[in-house]
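Reader: I am new to this structure and would like to go through it slowly, term by term. Could you show it to me first?

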Amino acid sequence: MVRYAALKGLYDLEKTIGSGGFAKVKLATHIATGEKVAIKIMDKISLGDDLPRVKLEVQALKTLLHQHICRLYQVIETDSHYFMVIEYCSGGELFDHIVEKNRLSETESRKFFRQIVSAVAYLHSLGYAHRDLKPENVLLDREENLKLIDFGLCAKPKNGIDSHLQTSCGSPTYAAPELILGKKYLGSEVDIWSMGVLLYALLCGFLPFDDNSIENLYRKILSGKYDEPSWLSSSSKRLIRAMLQIDPKKRITIQELCNHPWITAGFLNPVSFVHKTNFEKDDDVLSTMSAICGEHASDIWRKLVKSDRTDYRTATYLLLLDRKLRGLSLRISPSA
Ligand SMILES: COc1cc(O)cc(Nc2ccc(C(=O)Nc3ccccc3)c(OCCC[NH3+])c2)c1
């Protein structure tokens with residue numbers, strides 16, 4: 001097991017749970033609380049000119065406080081590496097959940113899809129677009145709550161969500177026609193397309209556009225034609241068609257999506273979200289931390305609120321808070 005001095009006494013690294021281009025994600029234990037976390041390890045040399053993306057993602061994640069967006073607890077930077085300590089989603093990938101059940105019922109799909117819509121509507125309301133929405137980036141926590149991950153490609157155009165982007169990114173299978181054509185596009189509109197692919201995958205158990213050859217895949221996406229299996233209700237078909245519109249200007253908007261009849265069926269209200277600017281103050285957690293580090297609870301809270309929200313104190317506070325919300329004891333052992 002590779003050891004990193006920067007993690008010594010704070011986190012014990014365990015198995016690798018994901019690896020991508022320039023990053024690998026390992027399961028780890030936050031030693032003081034015993035809580036599991038995911039640590040995304042990036043080597044600065046292999047990051048190359050993608051280095052600024054890490055800062056962009058960290059900046060975005062400090063702002064994004066939403067129950068269906070995976071939480072960033074801590075960032076550790078050394079001369080050679082970045083470590084992002086992230087919420088561990090023990091339920092694994094939504095994709096595996098769909099495959100294991102072959103496909104999901106309309107009711108179960110709606111439960112998950114409402115959570116995705118809430119997270120994306122929140123993201124867009126803050127001027128961000130995810131740009132890489134795909135089943136692998138949708139995880140589940142232990143209560144099967146959905147968590148969006150990997151904001152490495154997320155963008156916050158400087159002139160706001162309604163200004164055009166050009167960078168081609170994300171995976172072709174879930175990419176909108178305008179994106180694969182290299183046209184200028186709106187992040188919000190490409191996210192809606194990808195959500196249409198996600199909804200189709202939930203309801204059908206396979207993808208609307210799929211092909212081993214990239215040319216055929218592109219041709220299928222640009223045709224906008226896909227199968228509509230017999231089990232799809234007419235309401236489901238209407239919603240998917242509204243999201244998989246080739247012309248981005250004809251595509252349903254995130255606001256219309258929050259109120260769509262398919263989304264609200266069986267629920268009392270449209271999809272909504274809350275803008276949280278800070279995590280909630282919890283006196284039990286603060287007194288537990290105070291007992292260990294000897295500082296007054298009020299001083300710990302003041303430092304937490306003033307901090308950049310990605311230090312060890314923040315990670316410890318949020319992990320203890322999570323333990324409390326799960327009804328577990330707030331045990332904490334002084335770091336070795
Ligand atoms: C904000 O959340 C982020 C940002 C980011 O840049 C990367 C990640 N990556 C993560 C985070 C957590 C997991 C995880 O908990 N996975 C897991 C847990 C139990 C069973 C199976 C998987 C993660 O998994 C990597 C594979 C996901 N495709 C990646 C989060």
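Reader: What makes the meeting of the side chains of Glu-189 and Lys-249 a salt bridge?

Author: This is a predicted model, in which local features need pLDDT of at least 70 and side-chain atom pairs count only at pLDDT 80 or more, while totals for chains, interfaces and linings use all residues. Residues are numbered from 1 along each chain as its sequence is written, and side-chain values use heavy atoms, with hydrogens and water left out. A salt bridge is a side-chain nitrogen of Lys or Arg within 4 Å of a carboxyl oxygen of Asp or Glu. The side chains of Glu-189 and Lys-249 meet at 2.8 Å, N to O, so the pair satisfies that rule. Glu-189 lies in helix 6 and Lys-249 in the loop between helix 8 and helix 9, so the pair ties together parts that are 60 residues apart in sequence. Helices (H or I, at least four residues) and strands (E, at least two) are DSSP runs, numbered from the N terminus.

Reader: Why is Glu-189 called buried, and is Lys-249 buried or exposed?

Author: Buried means under 20% relative accessible area and exposed over 50%, with partly exposed in between (1.4 Å probe, protein chains only). Glu-189 has a relative accessible area of 13%, so it is buried, whereas Lys-249, with 57%, is exposed.

Reader: Why does the pair of Arg-313 and Asp-311 count as a salt bridge, and how exposed is Arg-313?

Author: The side chains of Arg-313 and Asp-311 meet at 3.9 Å, N to O, so the pair falls within the 4 Å limit. Arg-313 has a relative accessible area of 25% and is therefore partly exposed, and Asp-311, with 22%, is partly exposed too. Elsewhere, salt bridges that share partners join Glu-35, Arg-142, Asp-322, Arg-323 and Arg-326 into one network. The count of salt bridges comes to 25.

Reader: How do you know that Arg-131 has no salt bridge?

Author: Lys and Arg count as positive and Asp and Glu as negative, while His and the chain ends are not counted. The nearest side chain of opposite charge to the buried Arg-131 is that of Asp-191, 6.9 Å away, so the 4 Å limit is not met. Arg-131 is placed in the loop between helix 4 (106-125) and strand 7 (138-140).

Reader: What makes the link between Arg-131 and Tyr-185 a polar contact?

Author: A polar contact is a pair of N or O atoms within 3.5 Å; within protein, one must be able to donate a hydrogen and the other to accept it, and residues adjacent in sequence count only if both atoms are side-chain atoms. The side chains of Arg-131 and Tyr-185 are joined at 2.8 Å, so the distance lies within that limit.

Reader: Which residues touch the most other members of the largest nonpolar core?

Author: A nonpolar core is a set of buried Ala, Val, Leu, Ile, Met, Phe, Trp, Tyr and Cys residues joined through side-chain atoms within 4.5 Å. The largest one has 78 residues, and those touching the most other members include Val-117, Met-195 and Leu-257. Helix 6 (residues 187-204) supplies the largest share of this core, 12 residues.

Reader: Why is the protein called as compact as a globular protein of its length?

Author: The radius of gyration is taken over C-alpha atoms, and the globule rule is 2.2 Å times the number of residues to the power 0.38. The protein's radius of gyration is 21 Å, close to the 20 Å that the rule gives for 336 residues, so it is as compact as a globular protein of that length. Buried residues make up 52% of those 336 residues.
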